[in-house]
Amino acid sequence: MSDFNDNADRIDAALHGLEEGKAGLGEDGLILPGQLPEMSTLLRAWPVLTTAGWAGSTGAWSQTVAVAGIKATDVTHVYPACSTTDAELAGRQRAAYNTLEPYVDSAEGTLTAYCKQSAAPTVDVPILVEVMR
């Protein structure tokens, strides 16, 4: 029984950060402040992938758009950014966004999106780009 209590005490100490140098949880079950690296959104942009901007051919479409401040080393997060009140258009934009590949390439000042469908999107696709460093 004492082995059980010793193990329970060790688990409790680890979960609450009582062991020196160990991460732990607060009483509310959340990670204690200062135990995660600081991150902040350094860049947020709303470019549009236009219907006329796609280059390539069946199954190999790409489009590069300007994104001021983005770097080649950035890890980018891209989301659909439909902002129209026209429900039919918003639906077409979301459907077009869903045909895009789940990755993008960033370079100094530009972002490249890809579509491997037989045809490129036939509607402009507004996107939200976020970069956290």
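Ala, Val, Leu, Ile, Met, Phe, Trp, Tyr, Cys and Pro count here as nonpolar, Asp, Glu, Lys and Arg as charged, and the others, Gly among them, as polar. By that scheme, the lining of the largest pocket has nine nonpolar, two polar and one charged residues. The model is predicted.

## Overall layout

The protein has two helices and eight strands. Read from the N terminus, the order is α-β-β-β-β-β-α-β-β-β. There are 133 residues, and 27% of them are buried. Take the contacts between residues at least 6 apart in sequence: 67% of these join residues at least 24 apart.

## The largest pocket

The largest pocket holds about 170 Å³ of space. Its lining consists of Thr76, His77, Val78, Tyr97, Leu100, Glu101, Pro102, Tyr103, Val104, Ala113, Tyr114 and Ile127. Three elements give two or more residues each to this lining: β5 (76–80), β6 (100–107) and β7 (110–115). Strand β6 supplies the largest share, five residues.

## Strand pairing

Strands β3, β4, β6 and β7 are linked by the pairings below.

| Strands | Sense | Bridges | One facing pair |
|---|---|---|---|
| β3 and β4 | antiparallel | three bridges | Ser57 and Ala60 |
| β4 and β7 | antiparallel | six bridges | Thr64 and Thr112 |
| β6 and β7 | antiparallel | five bridges | Val104 and Ala113 |

Two of these pairings are hairpins. β3 and β4 have two residues between them, and Gly59 in that turn has a positive phi of about 80°. β6 and β7 also form a hairpin with two residues between them; here the turn holds Gly109, with a positive phi of about 80°.

## Strand β4 and Ala60

In a regular strand the side chains alternate between the two faces of the sheet. Strand β4 covers residues 60–66, and its side chains alternate. Trp61, Gln63 and Val65 point to one face and are buried. Ala60, Ser62, Thr64 and Ala66 point to the other face and are not buried.

Ala60 is in strand β4. Its relative accessibility is 47%, so Ala60 counts as partly exposed. The cut-offs explain the label: buried means under 20%, and exposed means over 50%. Leaving out residues up to four places away in sequence, Ala60 touches Ala55, Cys115 and Lys116. Ala60 and Tyr114 are 54 residues apart along the chain, yet their C-alpha atoms are separated by 7.4 Å.

## The aromatic pair

A pair of aromatic rings is described by the distance of the centres and the angle of the planes. How many aromatic pairs does a search of the whole structure find? The search finds one. The rings belong to Tyr103 and Tyr114, with centres 5.4 Å apart and planes at 35°, so the pair is tilted. Planes under 30 degrees apart would count as stacked, and those over 60 as edge-to-face. Tyr103 lies in strand β6 and Tyr114 in strand β7, so the pair ties together parts that are eleven residues apart in sequence.

Both tyrosines also belong to the lining of the largest pocket. Tyr103 has a relative accessibility of 37% and therefore counts as partly exposed.

Definitions and conventions. Residues are numbered from 1 along each chain as its sequence is written. This is a predicted model: local features need pLDDT of at least 70, side-chain atom pairs count only at pLDDT 80 or more; totals for chains, interfaces and linings use all residues. Side-chain values use heavy atoms; hydrogens and water are left out. On a 1 Å grid over the protein atoms alone, a cavity is a set of points where a 1.4 Å probe fits but cannot get out, and a pocket is an open set with protein on both sides within 12 Å along at least five of seven lines; lining residues have an atom within 4 Å of a point. Grid points are joined across faces, edges and corners, and a volume is the space filled by probe spheres set on the points. Helices (H or I, at least four residues) and strands (E, at least two) are DSSP runs, numbered from the N terminus. Buried means under 20% relative accessible area, exposed over 50%, partly exposed in between (1.4 Å probe, protein chains only). Two strands pair if DSSP finds at least two bridges between them. Rings of Phe, Tyr and Trp (its six-membered ring) pair if their centres lie within 6.5 Å; planes under 30 degrees apart count as stacked, over 60 as edge-to-face and the rest as tilted. Contact means heavy atoms within 4.5 Å.
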